[in-house]
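I opened the model today to go through its strands, its pocket and its charged pairs. These are my notes, in the order I looked things up.

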Amino acid sequence: KKYFDLVNDFINEFDLKADSPKIGMSVTKNLKMPINIGQRYVICPSFTKKSIGFILPLEFQEVLNDYNQVISKGKFYDKSGNPEALWVNFDSQILFLDDYNLIINWKKAIKKEVDRTKNSPYRKFHNPNYYEASVNSSYRSKLFEKIDAN
């Protein structure tokens, strides 16, 4: 629930409608649920690895040592090979810390992607049910009831 609330928050904040060509939300066979804005992941939980990745601004690197939940980190680069953003995988428990600084910086990095992209090539893999579960709490509850029943 916490994850979907977080996704709903950024979808609403950046006014990403269900038919927006900028966003691609998919579910992979290995239980990852990446969300792309344009070419880049902005968030990606992995249920098998119990982790969650976030796009973050480069300057967030300065505070990463303060997080003992970091599993791995990398960078996104522009076409010239210059770093543009961080990609950090955290232990999924990070979701329950309500870390204001992390969320603000995550949204700052998302805004940069939303502002610079017109469409996501990952839109072709977009799962409308994933989007609906993120923005509609009653739909989400019904899905979880079905899952729990199985």
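I started with Ser72 and looked up its bridge partner in β6, which is Asn89. This is a predicted model. I then checked Gly74, and its bridge partner in β6 is Trp87. Next I took the whole pair: β5 and β6, the latter spanning residues 83–91, run antiparallel over seven bridges.

I followed the chain through the turn. β5 and β6 form a hairpin, with five residues between them. Gly81 sits in that turn and has a positive phi of about 90°.

Where does β5 sit in the sheet, at the edge or inside? I traced the strand order first. Six strands make an open sheet, ordered β1-β2-β3-β4-β6-β5, with antiparallel pairing. β5 (70–77) is an edge strand, and so is β1 (23–25); each pairs on one side only. I also looked up the twist: neighbouring strands of this sheet are turned by 15° against each other on average, direction ignored.

Then I turned to the helix packing. Which strands does α2 lie across? I found α2 (residues 100–116) across β2 (35–37), β3 (40–46), β4 (51–57) and β6. Against β4, helix α2 runs at about 65°.

I went on to the largest pocket. It holds about 240 Å³ of space. I listed its lining and got 14 residues. Tyr3, Pro45, Phe47, Ser92 and Leu95 lie nearest the pocket centre. I asked which elements give two or more residues to this lining, and they are α1 (2–13), β3 and β4. The largest share, three residues, comes from α1. I sorted the lining by class: seven residues are nonpolar, four polar and three charged.

Last, I looked at the charged pairs. How many salt bridges are there? I noted eleven. I picked one of them for a closer look: Lys2 with Asp98, whose closest N and O atoms are 2.5 Å apart. Why does this pair tie together parts that are 96 residues apart in sequence? Lys2 is in helix α1, while Asp98 is in the loop between β6 and α2, so the salt bridge links these two parts across that separation.

Key. Residues numbered from 1 in each chain as written. Predicted model: local features only at pLDDT ≥ 70, side-chain atom pairs only at ≥ 80, totals over all residues. Heavy atoms only, no water. Pairing = 2+ DSSP bridges. Helix = DSSP H or I, 4+ residues; strand = E, 2+ residues; numbered from the N terminus. Axes fitted to C-alpha atoms, helices over the stretch in contact; angles between N-to-C directions. Contact = heavy atoms within 4.5 Å. 1 Å grid on protein atoms, 1.4 Å probe; cavity = no way out; pocket = protein on both sides within 12 Å on 5 of 7 lines; lining within 4 Å. Points joined across faces, edges and corners; volume = space filled by probe spheres on them. Nonpolar A, V, L, I, M, F, W, Y, C, P; charged D, E, K, R; others polar. Salt bridge = Lys/Arg side-chain N within 4 Å of Asp/Glu carboxyl O.
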